[in-house]
There are 2 protein chains.
Amino acid sequence: MHDAGDRNHRILFTHRHGKLLAPEDFVADTTAVPTPGPGQFLTRTIYLSLDPADGSPAGDCGETGGAGCVMAGDTVAQVIESRHPAYRPGEYVATRSGWQQFALSSGQGVRRLDAAQAPVSTALGALGTEGLKGYVSLVYLAQPKPGETVLVSGAAGPVGGTAGQVARLISARAVGIEDSLEKCEYTVRELGFAACLDSAGADLAARLRGACPEGIDIYIDSLRGELLPFVAGQLRREARVILCGMGAAYRSNELTLGAVLERLVEARATVRGLVVQDHLERLPELIAVVGGFIRAGTFHYREDITEGLASAPAGFCRLLRGESFGKALVRVAPERL
Amino acid sequence: MHDAGDRNHRILFTHRHGKLLAPEDFVADTTAVPTPGPGQFLTRTIYLSLDPADGSPAGDCGETGGAGCVMAGDTVAQVIESRHPAYRPGEYVATRSGWQQFALSSGQGVRRLDAAQAPVSTALGALGTEGLKGYVSLVYLAQPKPGETVLVSGAAGPVGGTAGQVARLISARAVGIEDSLEKCEYTVRELGFAACLDSAGADLAARLRGACPEGIDIYIDSLRGELLPFVAGQLRREARVILCGMGAAYRSNELTLGAVLERLVEARATVRGLVVQDHLERLPELIAVVGGFIRAGTFHYREDITEGLASAPAGFCRLLRGESFGKALVRVAPERL
């Protein structure tokens with residue numbers, strides 16, 4: 001239950017004032033906490049996931065009466081009141097209730113979480129759709145063999161961190177690429193990557209050759225393909241390239257196709273695109289396998305937590321500027337009933 | 001046997017005088033017809049294949065004493081004198097004896113041809129490595145299902161013509177792209193393509209949508225990827241794109257990667273590069289399957305024949321200017337013992 005005086009704090013998107021999204025582009029308001037009708041339950045948000053894909057809030061205006069829209073976003077929440085036969089107060093769920101404290105649900109698109117298996121926040125990272133991207137890209141699309149070299153971009157993030165660590169745990173050799181030395185050191189020291197290259201440094205191609213002296217068997221691209229020209233030059237025969245970044249983000253890649261295509265043909269390479277929504281039926285497998293690694297202490301992840309819903313716009317803009325380190329979350333409420 | 005007075009006419013490459021290769025860049029000479037030693041046989045060239053890939057004659061100078069090099073090239077030839085236990089005079093072989101009338105061989109890299117199965121010239125086209133490219137790209141890499149739409153570039157040529165006709169014969173729907181209306185009409189009328197688009201015309205994307213209203217399941221690229229941006233926009237879910245053009249030619253593609261990558265991901269597409277030398281063990285299968293179609297009259301091909309070795313430079317330059325129509329061959333000698 002919530003306190004009788006509680007209001008539902010929300011963050012709405014207004015419009016983009018400048019070239020880049022800024023905290024001023026959002027506005028906070030409060031509404032009454034809604035009351036569940038038959039077949040509904042009320043949730044209180046605990047963690048809100050910050051995702052670049054949610055940068056455009058269109059299409060979520062149906063729930064708001066005002067001029068703006070409640071920002072869309074994946075959340076981990078707790079059921080606090082229920083008139084739904086399958087959900088009881090106290091249960092944790094992964095849902096998509098957006099940038100607000102309270103929300104009603106009919107159970108559609110909701111996934112129940114077992115807090116005893118893993119910290120519930122992992123449902124938005126390593127044990128959620130981002131971890132699933134890395135896991136399915138690696139295991140089912142790329143199909144690594146023991147000893148193969150697996151190169152992973154965004155290696156410190158939830159997609160790359162999952163792909164790289166699972167590669168290591170199934171006897172492949174994980175090499176990361178990240179955008180800062182600090183993140184690179186983290187992937188080697190904490191995540192067990194064999195090496196990690198700072199994409200901001202000079203002479204990336206030469207360093208890549210040094211880190212992958214026998215060439216690259218698998219490349220998991222969780223960004224937007226900007227490293228493809230470097231990677232393509234060093235693909236081994238029968239290499240597999242998996243594009244699992246944000247589809248629309250790839251559009252902004254202005255690199256030239258030619259050299260990449262030539263090397264794909266020479267290497268007899270396979271390039272495959274992944275859309276994680278096609279693979280949601282493997283979430284229980286991800287939770288069993290990677291959740292097991294987490295409990296065994298052989299798999300690690302990092303969260304970049306912004307405290308309080310009011311700070312969500314600032315945290316989101318930090319993420320878009322590439323300044324977050326680990327899965328970007330907002331702690332909207334403490335984990336208690 | 002050859003006549004006692006015969007000389008071996010040859011075409012040597014000298015050097016490129018202008019920006020584009022021209023007949024003046026070649027020179028003809030004659031040498032003595034060589035005599036086979038033990039384990040060797042002498043062949044007389046019947047057909048010489050003209051291939052853009054042979055445009056750079058480097059590496060073939062070992063056989064010549066002069067300043068230039070005999071141009072490299074695949075050939076169909078007849079054994080006319082033999083001290084090799086496995087080859088008898090009169091037999092037809094596919095070999096790589098280059099731009100000359102006579103050559104010695106130890107049998108290495110030589111394939112015996114059965115003139116009763118199919119015209120021997122097909123060993124340089126539909127029943128040779130070019131046909132094999134189209135066949136393996138389609139059947140083994142793309143794996144078409146009945147009713148799927150297979151788009152083929154270079155549809156009137158030996159690679160595309162094979163891929164498209166085999167697609168039709170195994171119940172897929174073949175749509176071609178060619179660089180002239182005349183070639184387009186040929187692929188529809190003679191090769192049985194459902195439609196063919198002139199790549200030189202305006203509004204290719206719109207015409208592609210018209211010809212493939214349900215989208216493209218398979219795209220066989222036998223050129224250098226220049227149509228990928230058009231094709232990528234209309235790929236269906238789980239589409240397969242096979243790049244079987246010349247590896248090095250892809251390098252000259254200056255199109256932008258971004259939009260193509262975005263669509264590959266959205267379509268969950270697979271892109272694979274093919275190098276035909278990896279698949280030579282399937283030549284007997286190609287000859288059995290496509291040779292059977294040819295004998296049954298359900299598969300057609302076209303040859304663009306230049307008469308006489310002396311005209312090979314002119315024919316080759318015509319090919320490089322994109323003016324040939326069908327598999328480009330030089331008839332060096334008539335098909336007789």
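Which residues does B:Leu235 touch, not counting residues up to four places away in sequence? Let's work through that and three more exercises.

This is a predicted model, where local features need pLDDT of at least 70, side-chain atom pairs count only at pLDDT 80 or more, and totals for chains, interfaces and linings use all residues. Residues are numbered from 1 along each chain as its sequence is written, chains are lettered from A in the order in which they are written, and side-chain values use heavy atoms, with hydrogens and water left out.

**Exercise 1. Find the contacts of B:Leu235 and place this residue in a core.**

Step 1: Contact means heavy atoms within 4.5 Å. By that test B:Leu235 touches B:Ile216, B:Val241, B:Arg263, B:Leu264, B:Ala267 and B:Ala269.

Step 2: A nonpolar core is a set of buried Ala, Val, Leu, Ile, Met, Phe, Trp, Tyr and Cys residues joined through side-chain atoms within 4.5 Å. Buried means under 20% relative accessible area, exposed over 50%, and partly exposed in between (1.4 Å probe, protein chains only).

Step 3: The largest such core has 58 residues, and A:Leu235 and B:Leu235 have the most contacts inside it. A second, separate core has 37 residues, including A:Ala126 and A:Ile242.

**Exercise 2. Is B:Glu130 buried or exposed?**

Step 1: Locate B:Glu130 in helix α1 (residues 129–142) of chain B; helices (H or I, at least four residues) and strands (E, at least two) are DSSP runs, numbered from the N terminus.

Step 2: The relative accessible area of B:Glu130 is 18%, so this residue is buried.

Step 3: Leaving aside neighbours within four places in sequence, its partners include B:Asp51, B:Pro158 and B:Lys327.

**Exercise 3. Classify A:Ser82 by accessibility.**

Step 1: A:Ser82 sits in strand β5 (residues 75–82) of chain A.

Step 2: Because its relative accessibility is 24%, A:Ser82 counts as partly exposed.

Step 3: Beyond its neighbours within four places in sequence, A:Ser82 is in contact with A:Gln40, A:Phe41, A:Tyr87 and A:Pro89. A:Pro36, 46 residues apart from A:Ser82 in sequence, is 6.7 Å apart from A:Ser82 in space, C-alpha to C-alpha.

**Exercise 4. Describe where B:Pro38 lies and how accessible this residue is.**

Step 1: B:Pro38 belongs to the loop between β2 (26–32) and β3 (41–49) of chain B.

Step 2: With a relative accessible area of 67%, B:Pro38 is exposed.

Step 3: Between the C-alpha atoms of B:Pro38 and B:Thr95, 57 residues apart along the chain, the separation is 19 Å.
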